[in-house]
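Q: Could you take one part of this model and look at it closely, starting from a single residue and working outwards through its surroundings? I am new to reading structures, so please explain each term as you use it.

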Amino acid sequence: MVLVESIATTSLLGHRPLCGIISIKDVSCKQKSSSYCRFPSSEFIGKRIVESPLPRLIVGRLINLPIKALAMELTKEVHAYRDEERTPRNWNYQIDTSVGQKPCSWPPENRADNASLHNPLLRQERMGCGWLGALFEWEGVIIEDNPQLEKQAWLALAEEEGKSPPLAFILRRIEGMKNEQAISEVLCWSRDPAQLRRMAARKEEIYQALQGGIYRLRNGSQELVNALTRYKIPMALVSTRPRKVIETAIRATGIEGFFSVIVTAEDVHRGKPDPEMFVYAAQLLKFIPERCIVFGNSNQTVEAAHDARMKCVAVASKHPVYELGAADLVVSRLNKLSIVDLKNLADIESAEFGSGEPELELEMEEEEYGPSTSLAVDDIFW
């Protein structure tokens with residue numbers, strides 16, 4: 001009964017304009033005050049609406065004071081709960097002064113944008129997935145490569161210098177490095193710059209003599225290079241060979257003019273797995289690293305490309321496919337790739353948008369609430 005009366009009282013007290021204390025003057029001009037609730041009624045007379053008062057209901061006769069107090073408390077709790085739901089949990093309020101804020105415009109600010117370009121269409125094109133650069137390695141990607149020749153050259157140099165022949169895992173480790181870097185840091189044959197240059201040059205002479213100056217394009221490399229040229233995608237050639245050797249090989253294969261940038265051993269201080277070669281090639285192409293795709297054939301290339309924040313396509317020429325799983329894409333021949341594949345690869349995880357700072361990932365251990373798979377031994381059974 002108390003709950004029903006409190007709800008009824010709340011419904012009556014909710015109409016604030018209808019309830020109150022009204023002063024009334026009688027004929028003798030004596031002021032009287034009375035508490036009542038008025039429920040107006042309206043009726044249509046012609047085109048006008050006329051309100052007619054209803055009989056007065058004395059509030060004091062309907063509501064008892066304890067019930068009225070209880071109803072008021074319930075009403076306050078309901079309003080407080082609704083206000084709490086509308087109030088945000090974060091209390092770090094900031095005053096919006098709208099001072100120093102830049103108006104929203106296209107294109108949005110990101111690392112791919114270039115404010116010096118006054119053409120908005122060119123600025124928008126730079127943020128699309130079609131704006132990308134291709135960085136190719138030479139041996140094993142564009143031309144056929146024989147890894148055994150590299151090993152034989154190092155073994156021949158070790159015999160000439162009177163050094164111990166390097167082991168197989170050492171030869172595998174120095175793949176893709178500059179000759180000076182491999183001799184000083186891995187083989188530890190010398191630290192003298194003059195000796196390093198002499199042995200590096202001699203090793204290159206031995207390799208070229210074994211190779212015989214015969215260059216043959218890999219199947220599918222010419223088709224991809226032609227497709228990139230047709231879509232006006234700039235290309236760079238990156239190699240740790242001397243520039244004279246690379247230029248001679250390009251003329252021998254008949255693909256001169258396709259690569260707008262050529263980075264060789266003379267241009268960098270360190271080779272793979274250091275990303276210096278790829279970063280320098282991207283700078284010459286005037287592309288941000290996030291929009292460059294590296295084409296290589298080893299895990300050292302994949303490591304260097306990812307360290308430079310670039311995508312990597314691995315060509316399974318001297319390593320099987322399962323060993324190149326760290327690459328973003330693995331193919332056996334370059335003609336299996338299309339422009340759409342490269343655009344999709346450039347569009348994944350566009351890190352150039354935003355602050356450019358690496359996000360911290362928190363690894364949380366997930367608790368397994370399922371049934372345990374461990375076996376238990378019942379002592380009673382034994």
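A: Let us start with Glu290, which counts as buried because its relative accessibility is 5%, where buried means under 20% relative accessible area, exposed means over 50% and partly exposed lies in between, using a 1.4 Å probe and protein chains only. Please keep in mind that this is a predicted model, in which local features need pLDDT of at least 70 and side-chain atom pairs count only at pLDDT 80 or more, while totals for chains, interfaces and linings use all residues. Residues are numbered from 1 along each chain as its sequence is written, and side-chain values use heavy atoms, with hydrogens and water left out.

Glu290 has a charged partner, Arg309, with which it forms a salt bridge whose closest N and O atoms are 2.8 Å apart. Glu290 sits in the loop between helix H11 (276–285) and strand E9 (292–296), and Arg309 in the loop between helix H12 (299–307) and E10, so this pair ties together parts that are 19 residues apart in sequence. The term salt bridge stands for a side-chain nitrogen of Lys or Arg within 4 Å of a carboxyl oxygen of Asp or Glu, and the helices (H or I, at least four residues) and strands (E, at least two) are DSSP runs, numbered from the N terminus. The two partners are not covered to an equal degree: Glu290 is buried at 5%, whereas Arg309 is partly exposed, with a relative accessible area of 43%.

The loop that holds Glu290 leads to E9, and this strand deserves a careful look. E9 is mostly covered, since 5 of its 5 residues are buried. Cys292, Val294 and Gly296 point one way from the strand, and Ile293 and Phe295 point the other way, yet on both sides the residues are buried.

Which strands pair with E9, and in what sense? Strand E6 (residues 133–137) pairs with E9 in the parallel sense over 4 bridges, and E10 likewise pairs with E9 in the parallel sense, again over 4 bridges. Two strands are said to pair if DSSP finds at least two bridges between them. To find these pairings in the model, you can look for Ile293 of E9, which is the bridge partner of Ala134, and for Val294, which stands opposite Cys312 in E10.

The path from E9 to E10 has a handedness as well: E9, H12 and E10 make a right-handed β-α-β unit, where right-handed means that, with the strands pointing away from the viewer, the path from the first strand over the helix to the second runs clockwise. Helix H12 contains Ala305, which counts as buried at 0% relative accessibility. In sequence Ala305 and Leu135 are 170 residues apart, but in space their C-alpha atoms are 9.8 Å apart.

Strand E6, one of the partners of E9, also includes Phe136, which is buried with a relative accessibility of 0%. Along the chain Phe136 and Ala236 are 100 residues apart, while their C-alpha atoms are separated by 6.1 Å.

Finally, we can set the salt bridge of Glu290 beside others in the model, for a search of the whole structure finds 15 of them. One of these joins the side chains of Arg172 and Glu323, at 3.3 Å from N to O. Arg172 lies in helix H6 (residues 168–173) and Glu323 in the loop between strand E10 (311–315) and strand E11 (329–331), so the pair ties together parts that are 151 residues apart in sequence. Both ends of that bridge are partly exposed, Arg172 with a relative accessible area of 42% and Glu323 with one of 28%.

Another salt bridge links Arg241 with Glu204, whose closest N and O atoms are 3.2 Å apart. Arg241 belongs to the loop between strand E7 (235–238) and helix H10 (243–253), and Glu204 to helix H8 (residues 193–211), so here parts that are 37 residues apart in sequence are tied together. In this case both Arg241 and Glu204 are buried, whereas in the pair from which we set out Glu290 is buried and Arg309 is partly exposed. Arg241 and Glu204 also belong to one network with Glu139, Glu150 and Lys203, joined by salt bridges that share partners.
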